[in-house]
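Reader: I should be grateful for a close look at one part of this protein. Please set out the relevant details in a single connected account.

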Amino acid sequence: MNDSWVYHHFINTVLFPLTMFGVAFCVLGLLLYMLWKEKQKGGPKEHKSS
């Protein structure tokens, strides 16, 4: 019974922050991708240099 509580606590302290980090990373990546696409569409000069 005590072991199962420790396991549950482990999931709460490790899995939850990992999930939050994953969600934040996905949102950040999506924003960066949108900004990059907007930049690609806006400036043909930048497309040549990169």
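What percentage of the 50 residues of the protein count as buried? With that in view, please examine the side-chain contacts of helix α1 (residues 2-42).

Author: In this predicted model, 2% of the 50 residues count as buried. The accessible surface of the protein comes to about 5100 Å², and carbon and sulfur atoms account for 73% of that surface. The protein has two helices and zero strands, and helix α1 spans residues 2-42.

I begin with the charged contact. Side chains of opposite charge can pair when their charged atoms come close. The structure holds one salt bridge, formed between K41 and E38. The closest N and O atoms of K41 and E38 are 3.7 Å apart, which meets the cut-off of within 4 Å that defines a salt bridge. Both residues belong to helix α1, and because K41 and E38 are three residues apart there, about one helical turn separates them. As to accessibility, K41 is exposed, with a relative accessible area of 65%, whereas E38 is partly exposed, at 49%.

The aromatic contacts come next. The count of aromatic pairs is two. One of them joins F21 and F25, whose ring centres lie 6.2 Å apart. The planes of these two rings stand at 25°, so the pair is stacked; the cut-off for stacking is under 30 degrees. F21 and F25 also lie in helix α1, four residues apart, or about one turn of the helix. Both F21 and F25 are exposed.

Notes:
Residues are numbered from 1 along each chain as its sequence is written. This is a predicted model: local features need pLDDT of at least 70, side-chain atom pairs count only at pLDDT 80 or more; totals for chains, interfaces and linings use all residues. Side-chain values use heavy atoms; hydrogens and water are left out. A salt bridge is a side-chain nitrogen of Lys or Arg within 4 Å of a carboxyl oxygen of Asp or Glu. Buried means under 20% relative accessible area, exposed over 50%, partly exposed in between (1.4 Å probe, protein chains only). Rings of Phe, Tyr and Trp (its six-membered ring) pair if their centres lie within 6.5 Å; planes under 30 degrees apart count as stacked, over 60 as edge-to-face and the rest as tilted. Accessible areas come from the Shrake-Rupley method with a 1.4 Å probe; for residues, only the protein chains shown count as cover.
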